[in-house]
Every structure is written in C-alpha cells, then in structure tokens.
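Could you walk me through this model in my viewer, one selection at a time? I would like to know what to click on and what I will find there.

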Amino acid sequence: MIKKLCLVILLSCNFLFADSLYEFTNLENEKRFYNLIKEIRCPKCTSGSLASSNAPVSEDIKLKIVELIKEGKSDSEIKKYIVNRFGNEVLYDPGFDKGTYFLWIAPISILLLALTTFFFRRKI
Amino acid sequence: MLVEIAQFLTILSTGLFFLNFSFSFLFDSKDQHIANLVSKIYTHSSLLLVTSFLIYVWLAVSDNFSVLYIAQHSNSNLPIFYKITSIWSAHEGSMFLWILFLVLWGALFNFVTDNLQDLKVKSMGIISIIIVGFLLFLLLTSNPFETILPIAPANGADINPVLQDPALAIHPPFLYMGYIGFVIAFAHAIAFMIEGNSSVKWEALVRTWSIAAWVFLTIGITLGSWWAYYELGWGGYWFWDPVENVALMPWLAATAFIHSISVSSKSSSLRIWTILLSIIVFSLSLFGAFIVRSGIIDSVHSFANDPERGLYLLAFIGILIIGSMTIFSSRLSMLTSGSAIKTFSKESFISINNIFFGVLVFSTMLGILYPLIYESIYEQKISVGAPFYNAIFVPMTVLASIFLFFSVEARWQRKFVIRSLINSMSISALISGSLVFSAYKIFNITGTWELISIFAGSLIIIRYLFVIWDYLLNNKYSNPFSVIAHMGLGMLMISIALNNELSSERALNININQSDMYQGYEIKLSDLKLVNNPNHDSVQAIFTLTDPLGNNFYLKPEKRKYFARGQITTETDIYVTLLKDIYITIGDQLKDGSWIVNIQFNYFIRWIWFSAIMMSFSGIMLIVSINRAKR
Amino acid sequence: MKFILRMFVIILPIALISFFYLYINDDDYYPGADYRNYNLPQFELNELYSQSPISNKDIQGTYLINVWASWCITCRVEHGFLVKLSNKNIPIMGINYKDDRDDAINWINKFGDPYKLIIHDFKGSLALDMGVTGAPETFLVSNGEVLVHYRGEVNTMIWQDVFTPVINKYELFK
C-alpha cells in the first residue's frame with residue numbers, strides 16, 4: 001500500500017530517477033554548494049533560488065553544480081557555466097559592470113552626500 | 001440575492017463617502033454642525049461597508065458558489081476558518097479587506113476623537129476620498145460580487161493547500177492593518193498643509209495611531225517570515241523577493257517616521273522631515289499594493305497579471321503622491337523649522353537616522369526597479385537579489401547602529417558632551433570587543449561582516465544595559481521603550497550574524513530502519529506511515545533523532561498530495577531548542593527505496609523573530625504609556 | 001536648498017509614475033523569447049528510433065529544434081502546428097526530453113511525426129547545455145548557431161512575431 005502510494009507520488013513528481021545525492025569530498029565544498037544554490041535563480045520559477053526550488057531543471061542544475069565542484073571548478077567558473085546556458089538573469093548578483101555601476105554606487109554616494117549636507121547645515 | 005445586496009451597499013457607501021469628502025471640504029470645518037454631520041455621515045457609510053463585508057463573509061461561509069470569487073477560491077470541504085480566510089487569498093477579496101480596514105481605522109479614529117478637534121473634519125474628508133478611490137477600483141476593475149449565473153457550480157475550486165495555514169491566514173490582515181494605519185497620519189499631514197495653520201500640533205494627534213500601525217506592520221512582516229520558514233521547506237526566512245521588499249520599504253520609512261514624529265510632536269524640530277515621511281510612508285504602502293496587483297514584477301506573491309488594474313492603481317497613486325508632494329512643495333515656506341539643531345543633540349541623531357532609513361528605502365526601491373530599467377535600456381535581463389541587498393543593508397545598518405550607540409549619550413536640544421574618557425561608551429566598546437574576540441577564538445566565527453555585526457549589536461545591547469543599571473542604581477531617567485526596542489535591534493543584528501555563520505545543512509540518504517549521522521546527531525528513519533485526511537493523502541516519515549547526550553526525540557515530515565488540484569507539497573517538521581532549530585524535510589525516493597532527507601541546523605533563528613517581537617512589544621507599551629499620560 | 005527639495009520632491013514621483021506607465025504599456029514583448037546567439041553545444045546521444053549515435057555533424061544547415069516529451073501536455077497542444085510547419089518543408093529536429101523511449105515512440109505514432117530525426121536526451125544533458133528549463137521549447141538554428149530560443153508553445157502568432165522576423169532577417173529557408 002505504501003509502495004503504491006510512493007509510486008504514485010513519485011511518478012507525479014516528474015523526477016523519475018535520482019541516482020546520486022550531493023556528495024562532496026570535504027565540508028568546505030559542501031558549504032560552497034549550499035551557498036551557490038542560494039545565489040543562483042531557478043530559471044523556471046517566477047521567483048526563487050535553486051535552493052528553494054525542486055523543479056526538475058533546478059535539480060538538474062544542482063547535480064551539475066555538484067559535478068563541477070567535484071571537477072575542481074571554482075565558484076566563478078561554475079557561475080559562468082550556468083550563465084552561459086541560462087543567461088545573466090540567473091544570478092542574483094547583478095555584477096559590477098558599466099550597466100550596474102549606478103546600482104552599486106548610488107546608495108553609498110547618496111548616504112555620504114546627505115550626511116555631509118546635514119553636517120554643514122543642521123537646520124532640517 | 002444576498003450578493004446583490006452586498007454590492008448595492010458597497011455602491012451606496014461609495015456615494016456616501018464621496019458626499020462626506022465634499023462636505024468636509026466645501027463647508028467650514030470649524031462649524032459644530034458641519035463637524036457633527038461629517039462625523040455622522042462617515043459612521044453611516046462605514047456601517048454600510050462593514051455590513052456589506054459581513055454579508056460577504058456569510059456568503060463564503062455558507063458556500064455560496066454563485067459568487068465567482070468564492071467559487072474560485074473556496075470549497076465546501078474547507079474548515080470554516082479557511083473559508084473566511086479564503087476571502088483575502090486573492091486579488092478582489094483582499095482588496096475588499098484592504099478597504100474594510102481603511103474604513104475601520106477611520107471609523108475608530110472618528111469614534112474616539114472629538115468632532116471639533118483640529119483638523120479632524122478635513123482629515124476625515126481626505127480619508128473618505130481615498131476610500132472612494134479604492135472602492136471605485138474595486139467596483140470597476142476587481143469586483144468581488146460578480147456572479148456565475150444561471151448555473152452556479154456545485155463546489156468551488158480548492159484554494160492552494162499552501163494557503164491553508166493559520167500563520168499565512170492572518171499575515172495579510174496584519175500587514176494591511178499596518179499599511180493602512182498610516183492613512184491617519186497622511187490625512188492629517190495633508191489637512192494640516194491645506195489648512196495652513198502652523199500652530200496645530202498634528203503630530204501629537206496622530207502619534208499613537210502611527211505607532212500602532214507600525215506595530216501591525218512589524219508583526220505582519222515577522223509572521224510572513226516565520227511562515228515562509230516552516231512552510232516553504234528550505235529553511236530561509238527572508239528572500240529579498242520583490243513583494244517582501246515592497247513591504248519592507250514602508251516599514252523602513254515608518255520606523256523613521258515614528259522616530260521623527262516623537263521629536264516634532266514635542267518641539268518645533270524635524271517638522272519638514274515628519275511631514276515628508278508621512279507622505280512617503282503612505283505612498284509606499286500604496287505603491288506596494290500597485291506592484292503586487294499589477295503583475296508588473298514577477299514574484300511568488302503576485303496576484304493576477306492585469307494591465308487595466310495596474311493602470312488604474314498607477315493613476316490613483318500618481319494623483320495621490322504627486323498631489324501631496326505638490327501641496328508639500330508649495331507649503332514648504334510655512335514649514336520653517338524652529339531653531340537650528342545643536343551638534344549631535346538627540347534631535348540631530350534622529351535626523352541622521354532619517355537619512356539612513358531614507359537611503360535604505362531608496363536602495364531597496366532601486367534594487368526592485370533596476371532589472372526593469374536595465375531591460376529597458378539594454379534589452380537584456382538581469383536579476384538583483386540578496387548579494388546586492390546584503391551589501392547595502394549590512395554595512396549601513398552597522399554604521400547606523402554606531403550612530404545609535406553614540407546617540408544614547410546625546411542630550412535633547414543640547415550639544416554632545418563627554419565628561420571623561422572612561423564612561424559607559426568606552427566600557428561597552430571594550431566588552432563588545434572581547435565578546436567578538438571570544439566569538440572568533442572560541443566559537444570559530446570567522447565571517448568578517450558577521451563579526452562586525454556582532455560587535456555593533458553587542459555595543460548597543462551593553463550600552464543599554466548600562467542605561468538600565470543607571471536607572472536601577474541611580475534612578476536616572478531613561479526611556480524604557482527606546483531601551484527595549486533598541487536592545488531588540490542589537491539582538492536582531494547578532495542573531496542574523498550567528499544564523500548566517502553557524503547554520504548548516506545536508507541532503508542525507510536513508511532507508512527505512514537505517515540511520516545516518518549529522519553534527520553529532522543520529523538520525524534514524526524508524527517508520528513510514530500513510531495518513532488519510534479529508535482533502536489530502538500523505539506519506540509521513542517518522543525519524544528518531546538522538547542527540548550527543550543520548551536523548552531521543554521524533555520528527556515527522558510529510559509529503560502530501562491534495563485531491564482537488566493534485567498538488568504535492570512537502571511538510572517540514574522542526575525540533576526547536578533554545579539556540580537552534582533542527583529542521584527536516586523528505587525529498588524524493590530513490591530506486592532502492594531509500595529517501596533523500598534534507599536536514600538543516602538553523603541557529604538563532606527564533607531569536608531573529610523574538611527581536612522583532614521585542615520591538616513590537618515596546619511599541620505597544622509606548623502607546624499604552626502615551627494614552628495613560630493623556631488622561 | 002529648499003528649492004532643490006521642492007523640485008526633487010515633485011520630479012521624482014512624476015519620473016517614477018511615468019516610467020511605470022510606459023513599462024505597463026509596453027505590449028509587444030514575449031517574455032519567452034530569447035534572441036541571444038550562441039553555438040549549439042557539442043553532443044553525442046542516440047537517435048530515438050534507431051538508437052544509433054548522432055552528434056552535431058548529423059544536423060546541418062538551417063532547422064528548428066523542438067524539445068518535447070510524452071508527459072508534456074502543452075506539447076500535445078503545440079504538436080499540430082509543428083506538423084503543419086514540417087509540411088511546409090521546415091526541417092524540425094526533435095529532442096525527446098527526459099522521456100521513456102517506448103512512451104515517446106507511442107506518442108509519435110499516435111500524434112504524428114514532424115521531425116527529421118529525434119535525439120533521445122534521456123538524462124536531459126543536452127537540454128541542460130542548451131538552457132532548456134522544460135518542455136515545450138523551440139530553437140531556430142543555422143550553421144550550428146542558435147538564433148532564437150523560445151520557451152513555451154509555438155503557434156501561428158508566435159511563429160509570426162518571434163521566429164519569422166529572424167528568418168527574414170537572415171533570409172533562411174530559401
């Protein structure tokens with residue numbers, strides 16, 4: 001009975017075969033993995049990281065990341081691999097390039113501007 | 001029949017609210033008769049609307065599926081509680097709830113406030129016209145009273161099982177009470193600027209109302225975070241999702257606002273800030289509604305994508321914001337502040353606080369909008385998520401908390417003075433430094449910003465402990481609400497840092513009657529049970545965990561299949577201890593019959609929510625204290 | 001100082017509101033369409049029917065690649081249009097995505113075969129390399145380069161608005 005139900009749930013999960021777990025050679029790599037999947041978006045979901053998604057494509061990407069970590073790839077190489085296939089928007093970090101300078105620099109600039117204005121005026 | 005009555009009452013109340021608005025602005029608000037009339041009309045209009053809502057509740061509870069919305073979002077198999085909460089599970093119904101709260105806040109204010117109190121008539125008028133704006137939105141674009149006739153379905157579609165949860169059910173009401181509560185401050189600020197009377201202390205009138213709204217908002221956001229943690233199955237508590245951000249912005253502005261208003265309600269400083277913030281807070285609340293309901297930004301929370309609704313809301317918000325900013329702009333000269341703020345007086349620290357919160361609001365808004373802007377320019381998509389927000393929020397919060405630390409020493413309307421080098425500040429710094437050092441050496445905490453946050457958080461907590469000590473020993477006066485709330489902030493910073501640094505997780509592979517080890521705990525899959533429920537079937541995995549000391553406890557995560565939509569959900573089970581949560585979910589089953597078991601150790605996560613509760617608690621106590629003082 | 005505040009406080013909301021207004025009204029936009037160009041990844045998999053190995057060198061020229069599966073309901077809806085396209089001599093290669101071979105063959109026998117050949121991507125490795133997130137998805141490829149990647153069902157409207165402009169631009173299928 002349980003087996004039947006499991007089978008039903010299993011088949012409806014659309015995730016037919018998981019033949020490997022997330023296996024790592026050391027704790028450092030495991031931590032890297034769990035951090036990476038928080039920083040990479042699930043390409044199929046409207047919103048959410050790989051960590052928060054169990055969509056089939058998310059599972060595939062996670063397994064691929066495990067594989068790449070095993071092959072000794074660095075975090076940035078892994079991110080590049082996924083970006084090459086799914087686009088820049090799959091990274092939660094928008095990157096620091098001429099298109100995003102404003103994004104990163106504006107907050108601190110405005111803070112400094114406001115604070116200096118305040119210290120020289122002190123009337124508001 | 002009933003639904004037509006409800007709709008009729010709503011239409012009628014729309015007309016009456018509009019009448020109310022007209023009266024309050026066409027006639028002399030100082031006239032006793034007009035004041036009483038406006039108050040009465042408001043009361044009647046609100047009774048109509050409340051009755052309409054109550055009828056709607058009855059329609060939901062009595063399974064009236066001729067009403068389209070109820071057919072779409074409720075089901076006769078739901079418990080009564082969830083039939084009621086299904087009303088605000090989607091756009092039209094939640095809009096109705098939003099309006100109900102708007103009406104009720106106004107009604108309460110109407111009831112407890114003397115009709116001839118300054119600005120009452122005009123502000124009630126402003127609240128009325130805002131209500132009209134939303135009622136028209138409801139009736140014209142998002143009508144919850146639409147019917148499916150002549151043949152009503154026999155039963156409704158089941159609501160998303162994920163929505164059948166007590167925390168999630170009360171999370172929107174708390175949030176809405178928060179967003180909408182600021183209408184009182186907003187209406188008063190506008191009325192004040194229109195009246196042009198510079199002697200009225202509108203801030204004092206609305207202070208407790210605003211603090212109450214802030215408390216609701218804080219609790220609402222905390223509920224959302226807590227719910228997401230145990231329901232969504234992956235153990236996160238904040239995702240920087242656009243809709244979370246859109247709730248965070250009003251909260252940030254509101255926090256600045258309640259600080260600012262505490263100053264300007266008693267003195268003549270910070271008046272411009274306070275008015276500006278009252279407009280900004282309410283505008284951000286409306287902006288949030290717009291973003292969520294227009295479908296313009298994809299998010300797990302988004303209601304249906306509908307440009308017509310988006311345009312209406314945009315126009316409505318546009319008129320409101322641009323209108324109030326124009327009035328503000330033209331009245332700026334009237335709002336000249338009092339004397340200059342002394343260097344590093346408490347007032348100046350609150351101004352600095354306003355600046356910090358303002359920049360955080362701006363940064364959050366920038367983060368939300370940037371993907372849209374980038375795409376418009378470069379025709380390419382990007383995402384802006386946690387890395388950006390953390391990079392902005394963490395350093396700025398730390399910096400702001402350093403200012404907070406110094407502000408404890410500051411005086412009202414007086415310069416900053418340090419008498420000797422050895423004082424509570426330097427001792428606090430010393431103790432905090434040693435705490436961080438021991439965290440690093442003994443507990444192996446190595447993250448740079450985590451250590452910095454722990455330092456800043458401890459600075460605040462210890463400094464305030466000195467304040468308490470001073471009060472107990474030397475009877476030196478202190479503001480207890482500020483003490484509790486800010487210690488809450490310190491705890492929040494430390495808890496987030498520790499949670500980030502210490503938490504870990506792993507995906508184990510366990511077959512029945514087997515066990516595995518993680519973090520010194522033995523995890524054994526003891527049993528697999530089948531559970532039948534009225535609307536779902538579930539496989540329950542029973543785990544026996546043994547801690548390093550040999551104590552046993554049980555965790556029972558589930559996988560559920562709901563009948564109505566065939567949806568499969570994962571239910572977590574959590575073992576809560578003082579310092580950490582042990583969090584378990586089951587993943588998929590493998591070929592050999594074993595299960596993937598996701599286990600997480602989440603440290604200090606309850607402390608994060610507890611800090612938020614501390615802050616809310618201090619707000620409630622403050623309201624009680626202010627009201628006592630008034631009598 | 002006050003003047004700056006006055007202007008700022010009115011201009012900022014106006015700018016924001018206008019931006020949103022323009023953004024909401026931007027209609028002719030298909031979120032599923034991706035026009036980034038990149039090289040078709042290298043692959044070596046088996047053909048669905050013959051089970052003989054195929055790789056990049058076996059598919060040349062200009063063609064569509066359609067990712068489908070027997071468990072995919074939308075693919076069923078899209079399938080008729082693909083048959084129509086193949087009747088108009090548009091070459092379509094299929095990638096059978098994470099599907100059981102028997103189920104896939106039965107599906108094709110039942111609903112028709114618009115494909116010149118079908119790559120059996122059982123593990124989804126080629127699909128992953130191509131940035132596929134599910135089925136159905138369709139690619140326009142020419143000389144080993146992906147020109148269009150569309151996520152979702154292809155129908156007359158999508159064919160007209162998303163694929164045809166690119167086809168005309170590069171004068172393909174002549």
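Here is a short tour of a predicted model, with chain B as our base.

**Stop 1: chain B against chain A**

Colour chain A and chain B separately, then select the residues where they touch. Your selection should hold 61 residues from chain B and 52 residues from chain A. About 5,000 Å² is buried between these two chains, and carbon and sulfur atoms give 71% of that area.

Now look for charged partners. Just one salt bridge is counted between chain B and chain A. To see it, show the side chains of Arg506(B) and Glu30(A), whose closest N and O atoms are 2.6 Å apart. Next, turn to helix α13 of chain B by selecting residues 346-378: with 13 residues, this helix provides the largest share of the side of chain B that touches chain A. If you colour that side of chain B by residue type, you will get 35 nonpolar, 16 polar and 10 charged residues. For polar contacts between chain B and chain A, the count is eight residue pairs, with both residues at pLDDT 80 or more.

**Stop 2: chain B against chain C**

Keep chain B in view and bring up chain C. Here 28 residues of chain B meet 17 residues of chain C. The buried area is about 2,100 Å², with 79% of it from carbon and sulfur atoms. Pick out Leu314(B), Ser329(B) and Leu332(B): together they supply 23% of what chain B buries against chain C, more than any other three residues.

How many salt bridges does the rule find across the interface of chain B and chain C? The number is zero. As for polar contacts between chain B and chain C, one residue pair is counted, again with both at pLDDT 80 or more.

Three helices of chain B are worth highlighting: α11 (271-294), α12 (307-330) and α13 each give two or more residues to the side that touches chain C. Of these, α12(B) gives the most, with 12 residues. By type, this side of chain B splits into 18 nonpolar, eight polar and two charged residues.

**Stop 3: Ser269(B)**

Finally, zoom in on the loop between α10 (242-264) and α11 of chain B, where you will find Ser269(B). Is Ser269(B) buried or exposed? Its relative accessible area is 7%, so Ser269(B) counts as buried, the cut-off being under 20%. Show what surrounds it: apart from neighbours within four places in sequence, Ser269(B) is in contact with Val263(B), Ser264(B) and Glu347(B).

Methods
Residues are numbered from 1 along each chain as its sequence is written. Chains are lettered from A and ligands numbered from 1 in the order in which they are written. This is a predicted model: local features need pLDDT of at least 70, side-chain atom pairs count only at pLDDT 80 or more; totals for chains, interfaces and linings use all residues. Side-chain values use heavy atoms; hydrogens and water are left out. Contact means heavy atoms within 4.5 Å. Buried area is the accessible area (1.4 Å probe) that two parts lose on being put together, summed over both. A salt bridge is a side-chain nitrogen of Lys or Arg within 4 Å of a carboxyl oxygen of Asp or Glu. A polar contact is a pair of N or O atoms within 3.5 Å; within protein, one must be able to donate a hydrogen and the other to accept it, and residues adjacent in sequence count only if both atoms are side-chain atoms. Helices (H or I, at least four residues) and strands (E, at least two) are DSSP runs, numbered from the N terminus. Ala, Val, Leu, Ile, Met, Phe, Trp, Tyr, Cys and Pro count as nonpolar, Asp, Glu, Lys and Arg as charged, and the others, Gly among them, as polar. Buried means under 20% relative accessible area, exposed over 50%, partly exposed in between (1.4 Å probe, protein chains only).
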